[in-house]
Amino acid sequence: MENVIILDHPLIQHKISMLRDKNTGTNEFRTLVEEIAMLEAFEALRDLPTEDVKVETPLTTCMSPMIAGKKLAIVPILRAGLGMVSGITNLVPTAKVGHIGLYRDPETHLPHEYYCKLPDPISERTILVLDPMLATGGSASEAIGFIKDHGGKKIKFMCVIAAPEGLNKLHDDHPDVQIYVGHLDEKLNENAYILPGLGDAGDRIFGTK
Ligand code: PRP
Ligand code: URA
């Protein structure tokens, strides 16, 4: 599928296996999500713009590339996307951070927005939308729709685990968006949870269950 990148690096796969384990506690789970986000971002930010700056080495002066300032915005989808933020700000400390609050209705599984605050202006930035779980795809698709309504153009989406249903929906709704996936799982269950998955990402990151 064009614009879909499955990140099959052994380090990412190893850490996802640890995340899946029901015996992995909150503290370790959080650290793993951060580390996976960092490893995924290494690939997803491959085309981040750079600019040549003058550097004095101990021997001479040269022009050398650095990340161009103020070009990256990351937008976690609350709550679970928050767990991925620090992994990326550790790599790109100048990134601006927006937030979109969405929760899935437990009956209909449809997303409901409760918060949206984005860096302004957003149109010139690369925007990396974060959510560990892409299940039905409703939350990610809605969030990206909001960002486009606010003027966002160059949008990427990064998740840890995707279900085929969600990946297809997101790709169909937003074919222009590059989608980075840590692992493509089998399917959704009757409650729209990913199988084999890792359970409820928000609850496992924040220790709420
Ligand atoms: C989870 C997850 C995604 C969404 C994925 O959030 O973090 O945002 O479900 O499901 P979808 O692809 O079917 O929309 P949840 O609604 O449980 O909220 P939370 O992060 O606040 O726990
Ligand atoms: N949200 C989660 O946190 N996990 C799933 O499996 C599906 C949606």
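This briefing describes the surroundings of two ligands, an aromatic pair, and several residues and elements of the protein. The model is a predicted one. Ligand 1 has 14 residues around it, and R104 is among those that come nearest to this ligand, while R104 is also listed among the residues around ligand 2. The charged end of R104 sits over the ring of Y193, and a search of the whole structure finds one aromatic pair.

**Ligand 1**

- Of the 14 residues around ligand 1, those that come nearest are R104, D131, T136, G137 and S139.
- S139 offers a polar side-chain atom at 2.6 Å from an oxygen atom of ligand 1, and in the side chain of R79 an N or O atom is found 2.9 Å from an oxygen atom of this ligand.
- The backbone takes part as well, in that an N or O atom of the A80 main chain lies 3.2 Å from an oxygen atom of ligand 1.
- Ligand 1 exposes 500 Å² when it is taken alone, and 90% of that area is buried by the protein.

**Ligand 2**

- The surroundings of ligand 2 consist of R104, M133, A135, A192, Y193, I194, G199, D200 and A201.
- Two backbone contacts involve oxygen: a backbone N or O atom of I194 is placed 2.8 Å from an oxygen atom of ligand 2, and a polar backbone atom of A201 is 2.8 Å from an oxygen atom of that ligand.
- A nitrogen atom of ligand 2 is also engaged, with a backbone N or O atom of G199 lying 2.8 Å away from that nitrogen.
- On its own ligand 2 has 240 Å² of accessible area, of which the protein covers 89%.

**Aromatic and charged side chains**

- The aromatic pair is formed by Y103 and Y114, whose rings are 6.3 Å apart from centre to centre and have 35 degrees between their planes, an arrangement described as tilted.
- Because Y103 belongs to strand β6 (residues 99-104) and Y114 to strand β7 (residues 111-117), the pair ties together parts that are 11 residues apart in sequence.
- Y103 is partly exposed, its relative accessible area being 44%, and Y114 is likewise partly exposed, with a value of 44%.
- The charged end of R104 is positioned over the ring of Y193, at 5.4 Å from the centre of that ring, and both R104 and Y193 are listed among the residues around ligand 2.

**Helices α3 and α5**

- In helix α3, which spans residues 82-89, the buried residues are G83, M84, V85, G87 and I88.
- The cover over the buried residues of α3 includes the helices α2 (26-44) and α6 (201-206), together with the strands β4 (72-78), β5 (96-97), β8 (126-130) and β10 (154-162).
- H171 is part of helix α5 (residues 164-173), and H171 counts as buried because its relative accessible area is 15%, which falls under the 20% limit.
- Once neighbours within four places in sequence are left aside, H171 is in contact with M1, E2, V4 and I179.

**D21 and the loop between α1 and α2**

- D21 is located in the loop that lies between α1 (10-20) and α2, and D21 is partly exposed, with a relative accessible area of 36%.
- A polar atom of the D21 side chain lies 2.8 Å from the backbone nitrogen of N23.
- Although D21 and G199 are 178 residues apart along the chain, their C-alpha atoms are separated by 9.6 Å, and G199 is one of the residues around ligand 2.

Terms used
Residues numbered from 1 in each chain as written. Chains lettered and ligands numbered in written order. Predicted model: local features only at pLDDT ≥ 70, side-chain atom pairs only at ≥ 80, totals over all residues. Heavy atoms only, no water. Phe/Tyr/Trp six-rings, centres within 6.5 Å; stacked < 30°, edge-to-face > 60°. Helix = DSSP H or I, 4+ residues; strand = E, 2+ residues; numbered from the N terminus. Buried < 20%, exposed > 50% of the residue type's maximum accessible area, 1.4 Å probe, protein only. Lys NZ or Arg CZ within 6 Å of the ring centre and 35° of its normal. Contact = heavy atoms within 4.5 Å. Near = heavy atom within 4 Å. Polar contact = N/O pair within 3.5 Å; in protein donor to acceptor, adjacent residues only side chain to side chain. Areas by Shrake-Rupley, 256 points an atom, 1.4 Å probe, with all protein chains shown as cover.
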